[in-house]
Amino acid sequence: MFGPKVAGAWHLHQLTQRRQLSAFVLFSSIAGLIGNEGQSVYAAANTFLDALAAGRQAQGLPAQSLAWGAWAEVGMAARLSARHRDRMQRSGLLAMSPEAALALMDRALGQPEHLLAPLAVDGPPGGTPLGRLLSPAEAPAAPAAEAPPTPAARPSLRGRLDAALPAERANLLLELVRTEVAAVLKLPDTNGLREDRPLNDLGVDSLMAVDIRRRLENRLTTQLPATLVFDHPTCGLLVQYLLTPWSGS
C-alpha cells in the first residue's frame with residue numbers, strides 16, 4: 001500500500017513539472033491526519049501525498065491533496081465489516097455516497113489550500129449526515145485510547161497477579177483475556193469464549209487483534225509483541241503466554 005502510492009505520485013510529479021497543468025490533484029486519506037490503528041504504513045503513504053502537494057505549491061506548481069473520508073459504496077471502506085463501520089461511526093465519521101463525495105470534490109477543486117479533507121460527519125440527533133470540506137486544523141481528533149485503570153480507582157491488577165497463587169493467577173488472566181476479547185467483539189458476555197476456541201472463528205481480524213493487544217497492555221501495564229494474537233490465537237494460549245513473567249515463581 002505504501003510503495004505504489006508514493007512512487008506513483010512522485011513519478012507523476014517529476015514527469016509533469018515542466019508541463020502547463022490546470023490542476024494536479026492527489027487522492028489522499030483522512031488516515032494521514034487522524035491516524036488509524038493497524039494502518040500506520042497506509043497513513044504514512046497518504047501523508048507523503050499531502051507533503052508533496054505542499055512542496056509543489058511552494059515551487060509555484062499546481063497541486064492539491066484531498067484527504068478523503070470513507071465512501072459508502074466503493075473503495076476500501078465499502079469492504080469493512082459491520083464492527084469496523086460501527087467503530088468509525090462512533091468517532092463521528094460517516095461514509096459518503098459517491099454523489100456526495102463528488103460534490104465535495106467539485107467544491108475543493110480550485111480552492112487555494114494545498115490540503116483539504118472531504119468528509120461526512122455526524123449531524124444533529126435525528127438529522128442527516130453533514131458533508132464537510134475541512135482544513136487539516138479542523139480535522140477531527142482520533143478517538144482517545146482508553147487509559148489504564150489507576151491504582152486509586154481499583155486495586156492494581158499487576159499487584160493482584162504478583163500476590164496470587166499460580167492457579168488463581170491463571171484464573172485472573174483468563175478472566176482478563178475473555179473480558180477484553182468480549183469487549184472488542186461486542187459480545188454481551190464471555191460465555192461463548194472457550195479457552196480452546198480459535199479467535200478468528202469468532203470474527204477477530206487484524207484490526208481487532210491490535211485492539212485486544214492494546215487493551216491487555218493497558219490492563220497489565222506492560223508491552224506485548226505486535227503479533228501476540230496471531231501467535232497465540234485462543235484465550236487459553238494467550239493466558240499461557242501472559243503467565244510467562246511468573247513462570248519462575
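**Exercise 1. Are Arg214 and Asp211 buried or exposed, and how are they joined?**

Before the steps, note that this is a predicted model, in which local features need pLDDT of at least 70, side-chain atom pairs count only at pLDDT 80 or more, and totals for chains, interfaces and linings use all residues. Residues are numbered from 1 along each chain as its sequence is written, and side-chain values use heavy atoms, with hydrogens and water left out.

Step 1. Both Arg214 and Asp211 are buried, where buried means under 20% relative accessible area, exposed means over 50% and partly exposed lies in between, with a 1.4 Å probe and protein chains only.

Step 2. Arg214 forms a salt bridge with Asp211, and their closest N and O atoms are 2.6 Å apart; the term stands for a side-chain nitrogen of Lys or Arg within 4 Å of a carboxyl oxygen of Asp or Glu.

Step 3. The two residues, Arg214 and Asp211, both lie in helix 8, three residues apart, which is about one turn of the helix. Helices (H or I, at least four residues) and strands (E, at least two) are DSSP runs numbered from the N terminus.

Step 4. Arg214 and Asp211 also belong to a network of salt bridges that links them with Glu180, Arg215 and Arg219.

**Exercise 2. Find another salt bridge in helix 8, and one that involves an exposed residue.**

Step 1. The structure holds six salt bridges, and one of them joins Arg213 to Glu217, with the closest N and O atoms 3.4 Å apart. Because Arg213 and Glu217 are four residues apart in helix 8, about one helical turn separates them, and both residues are buried.

Step 2. Arg194 forms a salt bridge with Asp196, where the closest N and O atoms are 3.2 Å apart, and Asp196 counts as exposed at 56% relative accessibility.

**Exercise 3. Describe the aromatic cluster and say which parts of the chain it ties together.**

Step 1. Rings of Phe, Tyr and Trp (its six-membered ring) pair if their centres lie within 6.5 Å, and planes under 30 degrees apart count as stacked, over 60 as edge-to-face and the rest as tilted. By this rule the count comes to two aromatic pairs.

Step 2. Phe27 and Trp68 form a tilted pair, at 5.4 Å centre to centre and with 55 degrees between the planes. Phe27 lies in strand 1 and Trp68 in strand 2 (residues 64–68), so this pair ties together parts that are 41 residues apart in sequence.

Step 3. Phe27 is partly exposed, at 42% relative accessibility, whereas Trp68 is buried, with a relative accessible area of 7%. Trp68 and Trp71 then form an edge-to-face pair, at 5.3 Å centre to centre and with 70 degrees between the planes.

Step 4. Phe27, Trp68 and Trp71 therefore form one aromatic cluster under the pairing rule.

**Exercise 4. Locate the largest nonpolar core and name the helix that gives the most to it.**

Step 1. A nonpolar core is a set of buried Ala, Val, Leu, Ile, Met, Phe, Trp, Tyr and Cys residues joined through side-chain atoms within 4.5 Å. The largest one has 29 residues, and those with the most contacts inside it are Leu173, Val177, Leu199, Val204 and Leu216.

Step 2. At least two residues of this core come from each of helix 6 (157–163), helix 7 (166–185), helix 8 (206–220), helix 9 (228–231) and helix 10 (235–242). Helix 7 gives the most, with nine residues.
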